[in-house]
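Student: I have a model open on my screen and would like to learn how to read it. Could we go through it together?

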Amino acid sequence: MLLLQLVDSFTLVSGLRDIGYSLAHAQNLKGIYDRSQTLVQMGLVVSTASVTAVMPSLAVANKKRQDVTFGHIATTSFRVNFALSLAMSVGLFVIMPQINTLLFSSGELNLTISVYCLSIVFASMLFVVNTILQSQNIYTPVMAAIIIGFLFKILTNRLAVDQFGIIGSSYSTVASLAIMLLVLIAMTSHELLKLFSGQQFGKLILILIVMAASVWLVATGINLADLVENSRLESFVITVICVPLGMGIFFIGCKWLNVFTLREWLTIPMVSRFIKIKGANSNEN
């Protein structure tokens with residue numbers, strides 16, 4: 001992500017100037033665009049913590065040649081992080097106008113930032129895959145993927161900005177991360193595809209459609225009701241209501257459709273604590 005941000009730093013303002021923006025306006029847009037990097041970093045906190053936690057277990061399982069254990073840990077980490085990163089990306093996409101206004105006092109470039117936040121999914125998967133490969137002492141595919149993705153970003157960023165405006169830079173970033181992931185899959189003889197579950201993905205799509213529609217309807221309803229005059233306060237109210245609502249719909253949907261196994265549920269921090277407390281209470285009764 002840092003390398004891709006570096007490309008934006010050197011090419012985005014000049015690209016905007018080439019399509020007619022003044023230097024001051026281009027720099028202002030770049031500053032607003034940089035908000036997306038903060039939101040992505042926030043979205044990656046869960047994945048980073050999760051991946052860091054499982055790395056020692058993967059390394060030990062690989063060292064002891066416990067292939068079944070290694071496979072269980074890798075699959076669990078991949079599927080849980082994939083599901084959570086999808087949920088975060090969709091959630092941010094739906095209520096980006098409110099989050100943008102709440103955190104930064106203005107709602108400019110909502111769509112551009114929303115598209116950029118889709119990179120949470122690909123960046124999370126890259127973290128997980130990188131950890132799995134590192135625990136097996138495999139480094140070449142990761143380096144190759146980074147170099148290819150970085151070169152793609154360099155080659156396409158100005159072209160995308162020329163063609164689509166500032167949102168083109170978001171397109172270029174997401175595409176670069178997707179290419180990195182595809183390179184890793186190709187260079188590992190498609191072994192990584194075994195971690196992916198098409199059945200889980202189908203269920204997630206259904207849950208996320210319901211979640212996104214519900215959150216959007218509630219956010220739109222509060223907005224149309226015009227209960228609060230201050231736009232920033234209204235954004236706060238919508239965010240406080242819609243974030244728990246979205247999380248509730250997502251986790252309840254995952255429970256109803258059996259998206260996660262018990263092992264996978266136990267790797268989700270707050271959920272695992274709830275399951276353990278519930279189990280302890282059941283045993284006491």
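Student: Is S214 buried, partly exposed or exposed?

Tutor: Happy to help, and keep in mind that this is a predicted model. S214 is found in helix α11, residues 198-225. Its relative accessible area is 23%, and buried would need a value under 20% while exposed would need one over 50%. S214 is therefore partly exposed.

Student: Which residues does S214 touch, not counting residues up to four places away in sequence?

Tutor: Start with a distance along the chain: S214 and V94 are 120 residues apart, yet their C-alpha atoms are separated by 10.0 Å. For touching, we look at heavy atoms within 4.5 Å. By that criterion, the residues that S214 touches are L245 and I249.

Student: Q200 lies in helix α11 too. Is Q200 buried or exposed?

Tutor: Look at its surroundings: leaving aside neighbours within four places in sequence, Q200 is in contact with R79, F82, A83, V259 and F260. Its relative accessibility is 5%, and the cut-off for buried is under 20%. So Q200 counts as buried.

Student: Which helix gives the largest share of the largest nonpolar core?

Tutor: That core has 72 residues, and those with the most contacts inside it are C117, L184, L204, F250, C254 and F260. The largest share, 12 residues, comes from residues 67-94, which form helix α5.

Student: What is F250 in contact with, leaving aside its neighbours within four places in sequence?

Tutor: F250 is one of the residues with the most contacts inside the core. Its partners beyond the sequence neighbours are A83, L84, A87, L204, I207, L208 and M211.

Student: Why is helix α7 described as largely enclosed by the rest of the structure?

Tutor: Helix α7 covers residues 110-117. N110, T112, I113, S114, V115, Y116 and C117 are buried there. The helix is largely enclosed because the buried residues number seven of the eight.

Student: What covers the buried residues of α6?

Tutor: Helix α6 spans residues 96-104, and its buried residues are M96, Q98, I99, N100 and T101. After the helix comes S105, with a positive phi near 70°. The cover over the buried residues includes α3, α5, α7 and α12.

Student: Which helix supplies the largest share of the nonpolar patch on the surface?

Tutor: The patch is formed by L3, L6, F10, M143 and I146, with about 490 Å² of accessible area together. Helices α1 and α9 each supply at least two of its residues. L3, one of the members, is found in α1 and is partly exposed at 38% relative accessible area. Three residues make up the largest share, and they come from α1.

Student: N137 has a positive phi although it is not a glycine. Is N137 buried or exposed?

Tutor: N137 sits in the loop between α8 and α9, with a phi of about 60°. Its relative accessibility is 55%, and the cut-off for exposed is over 50%. N137 therefore counts as exposed.

Student: Over which residues is the pLDDT below 50?

Tutor: Across the protein, the mean pLDDT is 87, and 94% of residues reach 70 or more. One stretch below 50 has zero contacts in the model beyond near neighbours in sequence. Where pLDDT is low, the predicted coordinates should not be read in detail. That stretch is residues 279-285.

How values were computed. Residues are numbered from 1 along each chain as its sequence is written. This is a predicted model: local features need pLDDT of at least 70, side-chain atom pairs count only at pLDDT 80 or more; totals for chains, interfaces and linings use all residues. Side-chain values use heavy atoms; hydrogens and water are left out. pLDDT is the predictor's confidence in each residue, from 0 to 100. Patches are made of residues with over 30% relative accessible area and no salt bridge: like charges are joined within 9 Å, nonpolar side chains (Val, Leu, Ile, Met, Phe, Trp, Tyr) within 5 Å. Accessible areas come from the Shrake-Rupley method with a 1.4 Å probe; for residues, only the protein chains shown count as cover. A salt bridge is a side-chain nitrogen of Lys or Arg within 4 Å of a carboxyl oxygen of Asp or Glu. Helices (H or I, at least four residues) and strands (E, at least two) are DSSP runs, numbered from the N terminus. Buried means under 20% relative accessible area, exposed over 50%, partly exposed in between (1.4 Å probe, protein chains only). A nonpolar core is a set of buried Ala, Val, Leu, Ile, Met, Phe, Trp, Tyr and Cys residues joined through side-chain atoms within 4.5 Å.
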